[in-house]
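The following account leads the reader through a structural model, beginning with one residue and then moving outward to the fold and its contacts.

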Amino acid sequence: MTDTGARRWVGKSILRKEDPKLLAGKAKFVDDIQLPRMCHAATVSSIYAHAKILAVRCDAAKALPGVIAVVTGAEAAELSGPLPSRANPTVTQHCLAIDKVRYVGEPVVAVVAETRAIAEDAAALVEVDYEELPVVADMDAALEARGDAVLHPERGDTNVYTVVHRKWGEVDAAFANSAHIVKRMFRWPRVSAQPIETVGAVVEYEPATQHFFFYSNMSQQMMASGGLAAALKVRPSQLSFVPMYVGGSFGGKVGVYHVAILAAVLARICCRPVKFMEDRLEHLLNGNQHGSDRRYLAELAIDANGIFTGLRCDVVDDYGAYFHLALGAHGNAAAQITGPYRMTAVDYKVTAVATNKTQQGPYRGFGGEVANFVLERLVDAAARQLKADPFELRKRNFLRPDAFPYTTPTGNLYDSGDYEGVLDEAMRMAKIDDWKARKAKQRGNSKRLGIGVATVCERSVMNVTEFWFFEDKPLNPVSSSPESVSIRIDVQGVPIVTIYAPCWGNSPETLAAQLTAEHLCVDPSTIVVNYAGTDGGMLSKGPAGSRFTVMLAGAIEGACQALLAKVKAVAAHRWGCKEEDVAIDERGAFMTAGDGHVMTFAQIAEASYLYRLDFPKGDRFTTGLAASYTYDHPCATLPDPKTGDLGIFYPIVGHACHLVLAEVDTELATVRIVDYVAVHDVGQVVNPMTMDGQIRGGIAQGIGTVLLEKYEFDESGQALTGSLADYLIPTACEVPDIRVSHFTTPSPLTSLGIKGGGEGGRLASCPAITSAIDDALEDEGIFITELPVTPSRLFDLLRAPASDRATQESPAAPERPTAVEHH
Amino acid sequence: MQLTNQQVLPVEQSEVWAALNDIPLLQKCIPGCDTMTSIGPDTYEVGLLAAIGPVRARFKGKLFLEDIQPPNSYSLKFEGQGGAAGHGKGGAKVWLQSGGPSETVLHYSVSATVGGKLAQIGSRLVDMAAEKMAADFFAAFKVAVREKHPSAHTASQGGSEASEAAAGTQGEGVWQRLRSWFNRIFSSNKTT
């Protein structure tokens, strides 16, 4: 921005810088990589959910022409250690199973061959003898399991990974003194993103220097290389990551998983580059991207005035066979557990269990979307129970605009907001009275209309304390989550921005150009943006927890300020004036206040690069214009174990209101979304077009979660949804036109007032769409407590006796292990 | 997977019972079965090529006959491994009901579970595939029984018609439907 503060580029929908390359098919993805002598890997996967591996016979596979190596779990373990895990105590997982398999699809043997087809043919020749073990196929079985049914007996004779029970505020008093209690049981299904590109890696190993070169779509390369190196029993300096374009992550590609490690082990064994790309079946079964799989018993305490006074959640979460991110997704939920409401008391208990399923990974929302769903459902149930208007009830309980900065009961901070303003804007856009009239007109018809509402917070800019702050004695209490950039202005005055995170389908080049353009007052189309891998050296966390735009903006502002200071110093020296008298105008020209000197970036750059002896000796005028900046989290704090306060870890808090008009066909038991309004407050929007894309994409995924998606397993733990014909995702037919608008309360804590907005679409859509469905079926007394609402489930609900329609509290949960702070 | 059905065979019960214990005959009738070798009392090793949807594999497995009540019923248990394609196991009960010297009703009830790729990408198709295999088996079984007992009536009525029609609708197709149509015409001509 100019020295007068006027904004020229931030807030504009400029075209994406990434698109020419992507649209022309010129962006390089992992599977585009072809190296000389490269060979291909395939795996033999477990066909049992839980079994001992008795014997592995590889001779027939090894004898197949074109096969280079056949590697068992024990052989892979000679060159690799356990995969990184945040669990405490750790849960051991290897890139290939050793001795025991714990879910269907777990890789057991890897085959490397001249082509993927030969590798797959050879994999089919590998014979594995299994001895079946008792299968733990659901969370209730997990709570009871003992003996051979225990997945990780070294952690004790139980399948409970951990139990945490925390109370904040006077929660028992809130319930004891309440006028109303709304209590429901909810079931959130195991779903995931389906990025177009599956997880994959090409790895080359150079024996002479003992160095690995990674071409991988694993996304947090800079932060992850430590864990990856440890898993490969080498030093991080022995790894080089080459940045790649990534075909979508939505959380699923953030961590260090078996794919990259396995490819590296195989490359080292074969002394040839190895490519390992998951096929869709492998991705569905073990892409480490299954999201939360939870049951909630949740209660809301309400006083006589309809004010929410306390929240209780007793959660069981089916984490699957491993536990690599520990309770991170519940830490996440704790960031905004009371949502946009004024409640001060919370009781939160989580029991994390092991089952014979794929382990959970992050998926857009990372557990926060489930907490939002449960809270908004309780508010809808309260409106029904109290015969209150759901809009008015929300407004009565909202935090007021003067409440910010607001400290939540758990200790997190909300920076700014105007929730009533957002809701009013959404109701205005929807013309809510028209919607109500349309609904009334179709009342009693076989096709009903329902109006759904959700008002949710969108915590953004994560800090990593959420992975361990529930622990008394954390193993690994990391607290850094930096983002770095380097900017240099070349000898012709062109800014070149280097970022240290890959492009994973967001718009990092566009955002970096727009933000740099704003600070340097140049046209973003003239700015060059490139990517550095690990060899570039600067530490960055990259996209995760809706942090990237905010963190990038902070880093760019820091680098630009350093650059501008030097540019002004050069100009001031040239003109013999004071630095503070040099100003920049909106065209990127530098001038002094009074006497009419003008210089462009190009002229100043030329002076700085080529005429060193025109300037005084010393650091101030070293040759060239370049600056690097590492931006740390703007205001995170550590948890306080004494008070149970979780600290500030997600303080840049946006807000969204979604209003949905849905039509339910009571004869066909189908749901169609007729109209959709989404108003988001993400602070200062950098690029409305790309922001709207994030919101619409998140809503599309929410439609999948509410209406279509679920990973199904049978009672023997067999995965039944192994293709996109079994695991249904929304298509263009299910996703309506979505009307998006922005309402801005700038963050006082971030560069330019930006907030994160990567997850809000999904965070708000799940409760809003569900709310519309049971609003349409209010006359039938139907209240949705379980997703997905597929036609067959809706059919059953419509035909169930009225008493079974989940209007009342669902049956009590089975006995839980007694609460302890930790296991 | 659960499958319960019946078949009417145009021979007397003892002949059906004999056929049900005739291992080479059974092997010939089981679709894709290329080996069926006795490896112990009432225990057989079976090899067969099977396809369920996109999964096609050679299965090796064992079959155990149990609770044998000649000439009325037996139960069988089976388990098979198809390597990377997965595995299947289950059981069946077969019992016979005499309908006279030229008619026996064969009742069968099968339950099976599958695992691995068969479940992952075939679970939608397992029931249909099982019904088709059963239909194929009984079509061949009838032909084999008839060949063994040429005196038997060519016509079959009631249950068999229904099941043949059912088999026809599952895509074995035109031939099945055509044959059952011809059977109907032929038998109605005879009775009038």
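Is Asp472(A) buried or exposed? In this predicted model, Asp472(A) has 8 other C-beta atoms within 10 Å and is therefore exposed, since a residue counts as exposed when 12 or fewer such atoms lie within that distance. Asp472(A) belongs to the loop that runs between strand E18 (447–460) and strand E19 (483–489) of chain A. A distance along the sequence may be set beside a distance in space here: Ala572(A) is 100 residues away from Asp472(A) along the chain, and the C-alpha atoms of the two are separated by 56 Å.

The chain as a whole may be considered next. Chain A contains 20 helices and 28 strands. Its C-alpha atoms fill a box of roughly 90 × 75 × 55 Å, taken along the principal axes. The radius of gyration of chain A is 28 Å, which agrees with the value near 28 Å that a compact globule of 823 residues would have. Of the 823 residues in chain A, 57% are buried. Contacts across the sequence are also informative: when contacts between residues at least 6 apart in sequence are considered, 81% join residues at least 24 apart.

Chain A is divided into three domains, and each is assembled from separate segments of sequence. Domain 1 comprises 19–26 and 482–631, whereas domain 2 comprises 33–133 and 199–277. Domain 3 is made of 163–192, 290–356, 368–464 and 642–804. The centres of domain 1 and domain 2 of chain A, taken over C-alpha atoms, are separated by 40 Å. Where these two domains meet, 16 residues of domain 1 of chain A are in contact with 19 residues of domain 2 of chain A. On the domain 1 side, the residues that touch domain 2 divide into nine nonpolar, five polar and two charged.

Chain A also meets chain B: 17 residues of chain A are in contact with twelve residues of chain B. Helix H4 (116–125) and helix H9 (280–286) of chain A each supply at least two residues of the side of chain A that touches chain B. That side of chain A has ten nonpolar, four polar and three charged residues.

Several details of the backbone remain. Two residues that are not glycine have a positive phi. Ala326(A) has a phi of about 50 degrees and is placed in the loop between strand E14 (308–318) and helix H10 (328–334) of chain A. Ala326(A) is buried, because 26 other C-beta atoms lie within 10 Å, and the threshold for burial is 20 or more. Lys431(A) likewise has a positive phi of about 50 degrees without being a glycine, and its loop connects helix H13 (419–430) and helix H14 (432–441) of chain A. Lys431(A) has 13 C-beta neighbours inside 10 Å and so counts as partly exposed.

Cis peptide bonds complete the description. One joins Asn88(A) and Pro89(A), with omega about -5 degrees; Pro89(A) is located in the loop between helix H3 (73–77) and strand E4 (100–101) of chain A. Another runs from Leu787(A) to Pro788(A), with omega near -5 degrees. Pro788(A) lies in the loop between helix H19 (760–776) and helix H20 (791–799) of chain A.

Notes. Residues are numbered from 1 along each chain as its sequence is written. Chains are lettered from A and ligands numbered from 1 in the order in which they are written. This is a predicted model: local features need pLDDT of at least 70, side-chain atom pairs count only at pLDDT 80 or more; totals for chains, interfaces and linings use all residues. Two residues are in contact if their C-beta atoms, placed from the backbone, lie within 7 Å. Helices (H or I, at least four residues) and strands (E, at least two) are DSSP runs, numbered from the N terminus. Ala, Val, Leu, Ile, Met, Phe, Trp, Tyr, Cys and Pro count as nonpolar, Asp, Glu, Lys and Arg as charged, and the others, Gly among them, as polar. Domain bounds come from an automatic or database domain assignment. The radius of gyration is taken over C-alpha atoms; the globule rule is 2.2 Å times the number of residues to the power 0.38.
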